Amino acid sequence: QVQLVESGGGLVQAGGSLRLSCGASGFRFKDLYMGWFRQAPGKEREFVGAINWSGGDPDYGDSMKGRFRVARGNGQNTVHLQIDTLTPEDTADYYCVASESYDCARYGCYDASEYNYWGLGTRVTVSS
């Protein structure tokens, strides 16, 4: 059974940092393109960043460059999302996503429709 499981969300103060983690299991292919979306209350879902697990640099949404960092974990098909200098506007549900598409690995995938697999999400709340 395919699963994406997020961890690391919670309540943090503005200015702090947070690291989210996502582990993938049950996939047929070992080489995944994995990343994160987020959805703030009352707003549309937006692409944060993603990375091909076997190599290459991460891809980021335009407004996500700088404070957000996607990195591979030590475990097979594990990715992390580091968020620095958190602001209340970062309050959102953060979703781990994965795609087995070679095109995603090669060109990047920035739209939610390009991802077949989604985690249940982890909530990040930033207090001012």
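A disulfide, as the word is used here, is a pair of cysteine sulfur atoms within 2.5 Å. The structure is a predicted model, in which local features need pLDDT of at least 70 and side-chain atom pairs count only at pLDDT 80 or more, while totals for chains, interfaces and linings use all residues. Residues are numbered from 1 along each chain as its sequence is written, and side-chain values use heavy atoms, with hydrogens and water left out.

Two disulfides are found in the structure. One of them is formed by Cys22 and Cys96, whose sulfur atoms lie 2.0 Å apart. This pair links distant parts of the chain, since Cys22 belongs to strand β3 (residues 18-25) and Cys96 to strand β9 (residues 92-99), with their positions 74 residues apart in sequence. Strands, here and below, are DSSP runs of E with at least two residues, numbered from the N terminus, just as helices are runs of H or I with at least four residues. The torsion about the S-S bond of Cys22 and Cys96 is about -85 degrees, and the disulfide is therefore left-handed. Both ends are buried, a word that stands for under 20% relative accessible area, with exposed meaning over 50% and partly exposed in between (1.4 Å probe, protein chains only). Cys22 has a relative accessible area of 1%, and Cys96 has one of 0%.

A disulfide also joins Cys104 to Cys109, with 1.8 Å from S to S. Its torsion about the S-S bond is about -90 degrees, so the disulfide of Cys104 and Cys109 is left-handed. Cys104 and Cys109 are buried. When the bonded cysteines of the protein chain are numbered in sequence order, the pairing reads 1-2, 3-4.

From strand β3, which carries Cys22, the path leads to a sheet. Four strands make up an open sheet in the order β1-β3-β8-β7, and their pairing is antiparallel. Two strands count as paired if DSSP finds at least two bridges between them. At the edges of the sheet are β1 (3-7) and β7 (68-72), each of which pairs on one side only. From one strand to the next, the twist averages 20 degrees, where axes are lines fitted to C-alpha atoms, for helices over the stretch in contact, and angles run from 0 to 180 degrees between N-to-C directions.

Each edge strand can be followed to its partner. Strands β1 and β3 run antiparallel and are joined by five bridges, and Glu6 stands opposite Cys22 in β3. Strand β7 runs antiparallel to strand β8 (residues 78-83), again with five bridges between the two, and there Val70 stands opposite Leu81 in β8.

How do the side chains along β1 alternate? Leu4 and Glu6 point to one face and are buried, whereas Gln3, Val5 and Ser7 point to the other face and are not buried. Leu4, which has its place in strand β1, counts as buried at 9% relative accessibility. Leaving aside residues up to four places away in sequence, Leu4 touches a set of residues that includes both Cys22 and Cys96, along with Phe27, Met34, Tyr117 and Trp118; contact here means heavy atoms within 4.5 Å.

Charged side chains give another way through the structure. A search of the whole structure finds five salt bridges, a salt bridge being a side-chain nitrogen of Lys or Arg within 4 Å of a carboxyl oxygen of Asp or Glu. In one of them the side chains of Arg38 and Glu46 meet at 2.7 Å, N to O. Arg38 is buried, with a relative accessible area of 9%, while Glu46 counts as partly exposed at 29% relative accessibility. Arg38 also forms a salt bridge with Asp90, where the closest N and O atoms are 2.9 Å apart. Because Arg38 lies in strand β4 (residues 33-39) and Asp90 in the loop between β8 and β9, this pair ties together parts that are 52 residues apart in sequence.

Asp90 in turn forms a salt bridge with Arg67, with 2.8 Å between the closest N and O atoms. Arg67 lies in the loop between β6 (59-60) and β7, and the pair links distant parts of the chain, 23 residues apart. Arg67 counts as partly exposed at 28% relative accessibility, whereas Asp90 counts as buried at 1%. Through shared partners, these salt bridges join Arg38, Glu46, Arg67 and Asp90 into one network.
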